[in-house]
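Got your viewer open? Let's take a walk through this model, one selection at a time.

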Amino acid sequence: MSKIIAISDIHGEYDKLCAVLNKLSPEKNDTIVFCGDYIDRGKKSKEVVDKIIDMQNYCNCVYLKGSHEYAMMHANSDSYYHYLFWNYGGDSTAESYGSFENIMKIHGDFFNSLKYYHIIGNYLFIHAGIKIGVPLEEQDEVDMVYIRQAFYNHKHNMKYKIIFGHTEFDTPQIWDDKICIDTGCGKYKNAPLTALVIENGEEYFVNSL
Ligand SMILES: [Mn+2]
């Protein structure tokens, strides 16, 4: 049976990404949904993006937009996102690419292709969450990459189990209707990168430790 794998919030931690991918060893019928926040904080944002693009040679890949990609892509047109990018780890991304301009010069096609959410069967994958009570097609882009407690502290009434990252916890958080897989990779030195694996109707976690 093929596996569905979700990975979120890598934040430039190339070695932790490789450790998780080596443990998972995905095969060609498997699907990895990368849930955003590839860049910032860790030292190897460019290598992380190269690696996740390269994974298309091994399995199906889906790439979602995270809040850090959103801020980076709006940093030159909006002073608020400029502040967020440069004060929440964007300096290490610019360093990894050689300059801020190089980020879009080198990986612009990739960043411009990112989706806000992806549905597979009964699962909906998204970076941060949804505004509860608003239909999926009417969700605001900023909510989908930035929302926190207003989403995860409440039951949503969508027919999907929502898999998300964005808000970091010590361990994966499991609710009846949602799972958060951000375990602080890139933010805390010893925090692992955690993947959710869905296989034969079972859900389990694989981390980089
Ligand atoms: Mn993040």
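Which residue in S5 stands opposite Ile120? Select Ile120 and look across: Tyr123 in S5 is the one facing Ile120.

A quick word before moving on. This is a predicted model, where local features need pLDDT of at least 70, side-chain atom pairs count only at pLDDT 80 or more, and totals for chains, interfaces and linings use all residues. Residues are numbered from 1 along each chain as its sequence is written, and side-chain values use heavy atoms, with hydrogens and water left out.

**Stop one: the sheet around Ile120**

Labels such as S4 or H6 are DSSP runs numbered from the N terminus: helices are H or I with at least four residues, strands are E with at least two. Select strand S4 (117-120) and strand S5 (residues 123-126). S4 and S5 run antiparallel and are joined by four bridges; two strands count as paired if DSSP finds at least two bridges between them. Now widen the view to the open sheet of five strands, ordered S4-S5-S6-S8-S7, with mixed pairing. S4 sits at one edge and strand S7 (173-174) is the other edge strand, each pairing on one side only.

**Stop two: the other open sheet**

Next, pick out the five strands in the order S3-S2-S1-S9-S10, which form an open sheet, again with mixed pairing. Strand S3 (60-63) and strand S10 (202-207) have a single partner strand each, so one side of each has no neighbour in the sheet. From one strand to the next, the twist averages 20°; the axes behind that angle are lines fitted to C-alpha atoms (for helices over the stretch in contact), and angles run from 0 to 180 degrees between N-to-C directions.

Start with strand S2 (residues 31-34), which pairs with S3 in the parallel sense over four bridges. Click Ile32 and you'll find Cys61 of S3 opposite.

Then go to strand S9 (residues 194-199). Five of its six residues are buried (under 20% relative accessible area; exposed is over 50%, partly exposed in between, with a 1.4 Å probe and protein chains only). That is why S9 is largely enclosed by the rest of the structure. Val197 is a handy landmark here: Val197 is the bridge partner of Ile5, and Val197 also stands opposite Tyr204 in S10. Strand S1 (residues 4-7) runs antiparallel to S9, with four bridges, while S9 and S10 pair antiparallel over six. Between S9 and S10, the hairpin has two residues, and Asn200 takes a positive phi near 50°.

**Stop three: the manganese ion**

Select the manganese ion and its protein donors: Asp9 (OD), His11 (NE2) and Asp37 (OD), lying 2.0 to 2.3 Å from the ion. Donors are N, O and S atoms within 2.8 Å of the metal (3.2 Å for Na, K and Ca), and sites may look incomplete because water is not among the atoms. Along the chain, the donors follow the spacing D-x1-H-x25-D. His11 is in the loop between S1 and helix H1 (14-24), and Asp37, 26 residues apart from His11, is in the loop between S2 and H2. Buried or exposed? His11 is buried at 2% relative accessible area, and Asp37 is buried at 1%.

**Last stop: helix H6**

Finally, select helix H6 (residues 100-112). Where does H6 bend? Look at Ile106, where the bend is about 65°. Its buried residues are Phe100, Ile103, His107, Gly108, Phe110 and Phe111.

Notes
Expected span 1.5 Å × (residues − 1). Bend = angle between axes of the 7 residues up to and from the residue.
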